[in-house]
Amino acid sequence: MPDAGATLDAARLRVFREVVRRGGMSAAAEALSFTQPAVSRQIAALEREAGAQLLERTPRGIRLTEAGRVLLGHAEAILDRMAIARAQVASVASLTGGRLRIGSFQTANATIVPRAIAAFARAHPHVELSLVEATTLDAIARLRAGEVDVAVLTHLPAVDGPDVEIVDLVDDELFVALPAQHPLARKPKLRLRDLRDETWIEARGGPTRPPLLSAAVAHGFEPRIRFAAEQWLSKQGLVAAGVGVTLIPGLAIATVREDIVLRSLGPDAPRRRVVAALPVGYRAPAVEPFLTLLKTEAEAHSVATVDRALLDPVGPRVVAATPT
């Protein structure tokens, strides 16, 4: 009877398979760079573990017993799976396999995140990529739960902690969106205080004070918010209809409608800090290469936003110049 606490050693299974393939102990020893006595000891130990004779020694060589035939089938499967496992583990480190799970908020998903994903997919086509769209608080919760490998979000105090590393991506300026025919659409040097009498469109109150409120209070007025909308598409529809104005982040410029005008509010414009959050400790090997591409796309977006902000306000969907 086999020892109840014994297990079948994978190294011995490999020796056993080689003996069967080579037809004898000596040939297997040569193939494995072992001595013949060492191979014999490995087989004897495996037979003790299995609790049965596996090989029959005959004048013409070795022959499998019925127990040996059964074990050989399992040994082939076990060793093949182990070889596959080793190859897949190696592929994760070499980025010829594995996965990268990304969590990101809506406006980042309109610009820098998909571009970084596309660049990463071109460089590492065998890494499985996935994306979940999530608010900042949802994304950081998913990161801490191990459900995503990297989270792109707006920085809030709630995302900080000893288990998270924060990497700055872009200081995202918020532009005011106005109806195309609004009297202030082409006012030189437009500032937030010029909009104190406007009706505003803003998202419902969340875990932190909206940038609009903080910036408006700093400029000495309380904005009159009459329309609550969460999505940029809804906000733009309300602006285009002429019922109010809103703030649009620089990351969303590419999605702006043709029938509204964006204006910079100058050096004191509201801004939001867009960051990547990474787990402290183990990270999937794909995280750092993706982060490099994400930084590149964020920098390129910042340059493009500045370039557009230098244009003259000559028509709809233009980010107007605001000389300091």
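This report describes a predicted model of one protein chain, from its overall make-up to a few particular residues.

**Basis of the model**

Local features are taken only where pLDDT is at least 70 and side-chain atom pairs only at pLDDT 80 or more, while totals for chains, interfaces and linings use all residues. Residues are numbered from 1 along each chain as its sequence is written, and side-chain values use heavy atoms, with hydrogens and water left out.

The predictor's confidence in each residue is given as pLDDT, from 0 to 100. The protein chain averages a pLDDT of 86, and 90% of the residues score at least 70. Over residues 309-324 pLDDT stays under 50. The model has 52 contacts (heavy atoms within 4.5 Å) for this stretch beyond four places in sequence. Where pLDDT is low, the predicted coordinates should not be read in detail.

**The chain as a whole**

The secondary structure comes to nine helices and 12 strands. Helices (H or I, at least four residues) and strands (E, at least two) are DSSP runs, numbered from the N terminus. Of the 324 residues, 44% count as buried; buried means under 20% relative accessible area, exposed over 50%, and partly exposed in between, with a 1.4 Å probe and protein chains only. The accessible surface of the protein chain is about 16,400 Å², and carbon and sulfur atoms hold 54% of this area. Such areas come from the Shrake-Rupley method with a 1.4 Å probe, and for residues only the protein chains shown count as cover. Among contacts with a separation of 6 or more, 70% are between residues 24 or more positions apart.

**Helix 4**

Helix 4 covers residues 66-94, and its end C-alpha atoms are 43 Å apart, which agrees with the 42 Å that its 29 residues should span at 1.5 Å a residue. The expected span is 1.5 Å times one less than the number of residues. G68, L71, L72, A75, L79 and S91 are the buried residues named in this helix. Their cover includes helix 1 (10-22), helix 3 (36-50) and strand 2 (61-64). Just after helix 4, L95 has a positive phi of about 60°.

**Salt bridges**

A salt bridge is a side-chain nitrogen of Lys or Arg within 4 Å of a carboxyl oxygen of Asp or Glu. By this rule the count is 21. Three of them are listed here.

| Pair | N to O distance |
|---|---|
| E76 and R17 | 3.4 Å |
| D171 and R271 | 3.8 Å |
| E173 and R271 | 3.7 Å |

E173 lies in strand 6 and R271 in strand 11, so this pair ties together parts 98 residues apart in sequence. Salt bridges that share partners also join R17, R21, E76 and D80 into one network. Within that network, E76 is partly exposed at 23% relative accessibility, whereas R17 is buried at 12%. For the pairs with R271, D171 is partly exposed at 48%, R271 is partly exposed at 38%, and E173 is buried at 13%.

**T199**

T199 is in strand 7, which covers residues 199-202. With a relative accessible area of 18%, T199 is buried. The side chains of T199 and R224 are joined by a polar contact of 3.2 Å. A polar contact is a pair of N or O atoms within 3.5 Å; within protein, one must be able to donate a hydrogen and the other to accept it, and residues adjacent in sequence count only if both atoms are side-chain atoms. Leaving aside neighbours within four places in sequence, T199 is in contact with R224, R226, F227, V243, G244 and V245.
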